[in-house]
Amino acid sequence: MRINGRTLRASDLRERRVLIALGVDPTLGLRVPRSENPYAVARTIRRLARDNDDVRFLKMIVRKNKTREPRPSPDVDQPMPLPDAAE
């Protein structure tokens, strides 16, 4: 795994396949939350690519990453009411 800050990117095809199986776009990489160590996550992905069973830990990381939804804008435009067509 290549580590760039908190983003992990696959170095080889085995790691890329692991990311795809977890539902992560391998071109964007996996963003590791601040509560986890990116080096430990990279080691886990490398072990998983070599057929070790650390799937629960990685799925938890991916689930944390996907649960964040974008916040709505504070100035949401309200549509104007349409005039009646009969008038």
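These legends describe the whole chain and then several close-up views of a predicted model.

**View 1. The whole chain holds three helices and three strands.** From the N terminus on, the order of elements is β-β-α-β-α-α. The protein chain has 87 residues, and 29% of them are buried. Its accessible surface is about 7,000 Å². Carbon and sulfur atoms account for 50% of that surface. Take contacts between residues at least 6 apart in sequence: 52% of them join residues at least 24 apart.

**View 2. Confidence varies along the predicted chain.** The mean pLDDT of the protein chain is 81. A value of 70 or more is reached by 72% of the residues. Strand E2, residues 7-9, has the highest confidence, at 94. Helix H3, residues 55-67, has the lowest, at a mean of 75. Keep this in mind when looking at View 7, which shows a residue of helix H3.

**View 3. Arg2 sits in strand E1.** Strand E1 covers residues 2-4. Leave aside residues up to four places away in sequence, and Arg2 touches Thr7, Leu8, Arg9, Ala10 and Ser11. Now look across to Ala42. Arg2 and Ala42 are 40 residues apart in sequence. In space, their C-alpha atoms are 8.0 Å apart. Ala42 is one of the buried residues of H2.

**View 4. Helix H1 has a buried side and an exposed face.** Helix H1 spans residues 13-21. Its buried residues are Glu15, Val18 and Leu19. Why do they line one face of the helix? Seen down the axis of H1, the buried residues fall within an arc of 95°, so they share one face. An α-helix has 3.6 residues a turn, so residues three or four places apart point the same way. Strand E3 and H2 are among what covers the buried residues of H1. The face turned away from the buried side carries Arg17 and Ala21, which are exposed. Just after H1 comes Gly23, with a positive phi of about 90°.

**View 5. Gly29 lies in the loop between H1 and E3.** Is Gly29 buried or exposed? Gly29 has a relative accessible area of 12%. The cut-off for buried is under 20%, so Gly29 counts as buried. Gly29 touches Thr7, Leu8, Arg9 and Val24, not counting residues up to four places away in sequence. Ala10 is 19 residues from Gly29 along the chain. Their C-alpha atoms are separated by 7.3 Å.

**View 6. Helix H2 runs through residues 38-49.** H2 has 12 residues. From its first C-alpha to its last it reaches 16 Å. That is close to the 16 Å expected at 1.5 Å a residue. Which residues of H2 are buried? They are Pro38, Val41, Ala42, Thr44, Ile45, Leu48 and Ala49. Seen down the axis of H2, these buried residues fall within an arc of 160°, so they line one face of the helix. Look also at the start of H2. There, a side-chain oxygen of Asn37 reaches to within 3.0 Å of the backbone nitrogen of Tyr39.

**View 7. Ile61 is a buried residue in helix H3.** Its relative accessible area is 0%. The cut-off for buried is under 20%, so Ile61 counts as buried. What does Ile61 touch, not counting residues up to four places away in sequence? Ile61 touches Leu30, Pro33 and Glu36. Val32 is 29 residues from Ile61 in sequence. In space, Ile61 and Val32 are 7.0 Å apart, C-alpha to C-alpha.

Note on methods: Residues numbered from 1 in each chain as written. Predicted model: local features only at pLDDT ≥ 70, side-chain atom pairs only at ≥ 80, totals over all residues. Heavy atoms only, no water. Helix = DSSP H or I, 4+ residues; strand = E, 2+ residues; numbered from the N terminus. Expected span 1.5 Å × (residues − 1). Buried < 20%, exposed > 50% of the residue type's maximum accessible area, 1.4 Å probe, protein only. Arc of directions from axis to C-beta. Polar contact = N/O pair within 3.5 Å; in protein donor to acceptor, adjacent residues only side chain to side chain. pLDDT = per-residue confidence, 0-100. Contact = heavy atoms within 4.5 Å. Areas by Shrake-Rupley, 256 points an atom, 1.4 Å probe, with all protein chains shown as cover.
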